[in-house]
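Please look through the sequence and the model shown here. The paragraphs after them go from one residue to its surroundings, then to the whole chain, and then to particular sites.

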Amino acid sequence: MTGLDETHDPSLVSWVESANRDDSDFPIQNLPLGVFRRAGTDEPWRGGVAIGDQILDLAAVRRLRAIRGAAAEPLRAASSASLNTFMAMGPHAWSALRRALSRALRAGAPAVTRLAEALVPQRDAEMAVPATIGDFTDFYTSIHHATAVGRLFRPDNPLLPNYKWLPIAYHGRASSVGVSGQRFPRPKGQILPPGGNTPVYGPCKRLDYELELGAFVGVGNALGSTVPMTAAEGHLFGLVLLNDWSARDIQAWEYQPLGPFLAKSFATTISPWIVSMAALAPYRVAWTRPDGDPQPLPHLDSPANRTHGAIDIALEVWIETERMRRESSGPALLSRSNFRDSYWTWAQMLAHHTSNGCNLMPGDLFGSGTQSGPKPDEGGALIELSHGGKQPVTLANGETRTFVEDGDTITFRAACTAPDRARIGFGACAGTVLPAT
Ligand code: CA
């Protein structure tokens with residue numbers, strides 16, 4: 001464990017009572033940032049902090065002059081309609097604001113009466129994509145997913161030779177990244193019918209989700225410079241849940257030889273609250289390589305990465321079909337996995353991304369790639385759970401799915417938990433598929 005301070009003390013409680021419940025995603029030890037306004041209004045978008053079932057409105061905190069000193073400038077940047085400026089300020093400013101917010105929200109804090117005016121219930125708010133995303137890069141860091149999907153296409157040779165040497169990725173599309181609650185029509189595209197040799201243009205028939213984490217870049221790097229492993233963590237701002245919606249039939253036809261394109265660029269959904277790397281510090285775990293696998297080259301290796309480069313984050317996928325909604329039966333669990341099983345760490349992804357001199361910008365978004373666990377029921381996408389669409393998944397109410405159907409809402413949830421530590425949750429990342437237009 002590293003970087004623990006007073007803000008991680010598991011005994012801290014907040015004067016916002018809902019933050020103190022055992023099952024809250026947003027206790028005082030979390031303090032994730034997002035951008036919000038009251039739903040149904042034309043109020044300006046501004047930064048906020050999730051605390052229990054409330055949002056602390058950072059623009060209101062500024063007006064109330066409840067936070068001063070070293071955190072005042074970071075507060076100003078974090079209260080704006082996009083977090084890019086705050087992201088660019090770096091770890092010193094991030095921790096100054098975190099410390100000030102932790103002190104202001106603690107039970108017994110001196111400014112409680114004034115700050116209570118700055119709370120907005122989360123149920124009354126609408127959320128925005130929290131930063132202007134210049135570039136979106138999607139990695140492929142789960143060896144279990146890469147092997148399972150590779151086996152569908154290449155039974156004899158599922159894992160390509162580069163996989164164990166570098167965190168492979170492609171450049172995604174930033175303009176279609178939306179926040180939880182995103183609703184989008186089923187994409188259309190070129191599809192090669194089974195057994196045919198002429199493609200047709202029409203609605204995707206094999207629409208899938210991909211269970212991923214996203215990472216926002218905080219501090220960028222100059223074009224031509226590289227970020228070494230020892231500095232990589234200082235460039236990472238925080239994590240969200242990310243659904244890399246994928247049209248498998250469009251993908252199968254278009255992907256060779258340049259990789260995914262229109263099969264991915266129609267929608268990507270992220271959760272609205274960015275959980276800071278600081279909040280995740282108590283859940284860092286060792287990163288290891290299985291016996292017999294190659295060790296990383298020196299530019300992708302560091303002692304700190306080995307001792308605590310990985311993060312223990314439990315992930316879940318839920319589905320709510322139209323029938324479940326109609327019958328109010330609640331969503332059904334599709335799968336669970338854990339980010340600690342990732343073959344590569346965020347530091348390795350960032351160091352690799354800049355290893356050729358590529359410049360990253362504040363607000364750039366990385367996707368981790370589908371996070372599947374080692375067991376067959378831990379697949380992070382339907383293409384795995386349904387064995388390429390050949391074995392339908394049976395849901396609790398008897399419905400079956402091979403791929404996502406119109407009206408389905410797919411929701412990701414994630415949390416870090418341990419007996420002697422505060423629960424650090426991510427909230428929800430939900431998206432709904434509408435009929436093709
Ligand atoms: Ca992906």
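**A walk through the model**

A351 is found in helix α11; helices are DSSP runs of H or I with at least four residues, strands are runs of E with at least two, and both are numbered from the N terminus. This is a predicted model, in which local features need pLDDT of at least 70 and side-chain atom pairs count only at pLDDT 80 or more, while totals for chains, interfaces and linings use all residues. Residues are numbered from 1 along each chain as its sequence is written, and side-chain values use heavy atoms, with hydrogens and water left out.

A351 has a relative accessibility of 2% and counts as buried. Buried means under 20% relative accessible area, exposed means over 50%, and partly exposed lies in between (1.4 Å probe, protein chains only). Leaving aside residues up to four places away in sequence, A351 touches V227, M229, H299 and L300; contact means heavy atoms within 4.5 Å. One of these partners, M229, is 122 residues from A351 in sequence, but the two C-alpha atoms are 5.7 Å apart in space. How much of helix α11 is covered? The helix spans residues 346–354, and 8 of its 9 residues are buried. They are W346, A347, Q348, M349, L350, A351, H353 and T354.

The chain as a whole can now be described. The protein has 12 helices and 26 strands. A compact globule of 437 residues would have a radius of gyration near 22 Å, and the protein agrees with this because its own value is 22 Å. That radius is taken over C-alpha atoms, and the globule rule is 2.2 Å times the number of residues to the power 0.38. Along the principal axes, the C-alpha atoms fill a box of roughly 70 × 55 × 40 Å. Of the 437 residues, 56% are buried. Among contacts between residues at least 6 apart in sequence, 73% join residues at least 24 apart.

At the surface, the protein exposes about 18,500 Å², and carbon and sulfur atoms supply 54% of that area. Such areas come from the Shrake-Rupley method with a 1.4 Å probe, and for residues only the protein chains shown count as cover. There are 40 positive and 43 negative side chains, and the centres of the two sets lie 3 Å apart. Lys and Arg count as positive and Asp and Glu as negative, without His and the chain ends; each charge is placed at NZ of Lys, CZ of Arg, CG of Asp or CD of Glu.

Next comes the metal site. Which residues are the protein donors of the calcium ion? They are D138 (OD), E210 (OE), E212 (OE) and D244 (OD), lying 2.2 to 2.3 Å from the ion. Donors are N, O and S atoms within 2.8 Å of the metal (3.2 Å for Na, K and Ca), and sites may look incomplete because water is not among the atoms. Along the chain the donors follow the spacing D-x71-E-x1-E-x31-D. E210 lies in the loop between β12 (207–208) and β13 (211–217), and D244 in the loop between β14 (236–243) and β15 (246–247), so the pair ties together parts that are 34 residues apart in sequence. Both E210 and D244 are buried.

Strand β13 also holds L211, which is buried at 0% relative accessibility. Residues that L211 touches include L242, L315, E316, V317, G369 and F412. Another buried residue is G47, with a relative accessible area of 0%, in strand β2 (residues 46–51). Among the residues that G47 touches are G34, F36, L58, A78 and S80. G47 and S80 are 33 residues apart in sequence and 5.6 Å apart from C-alpha to C-alpha. In helix α6 (residues 143–153), the buried residues I143, H145, A146, T147, V149 and G150 pack against α12.

Some backbone details remain. R65, in the loop between α1 (58–63) and α2 (72–78), has a positive phi near 50 degrees although it is not a glycine. R65 is exposed, with a relative accessible area of 56%. H387 also has a positive phi near 50 degrees in a residue other than glycine, and it lies in the loop between α12 (382–385) and β23 (393–394). H387 is partly exposed at 38% relative accessibility. The peptide bond from Q256 to P257 is cis, with omega near 5 degrees, and P257 sits in the loop between α8 (248–254) and β16 (268–270).
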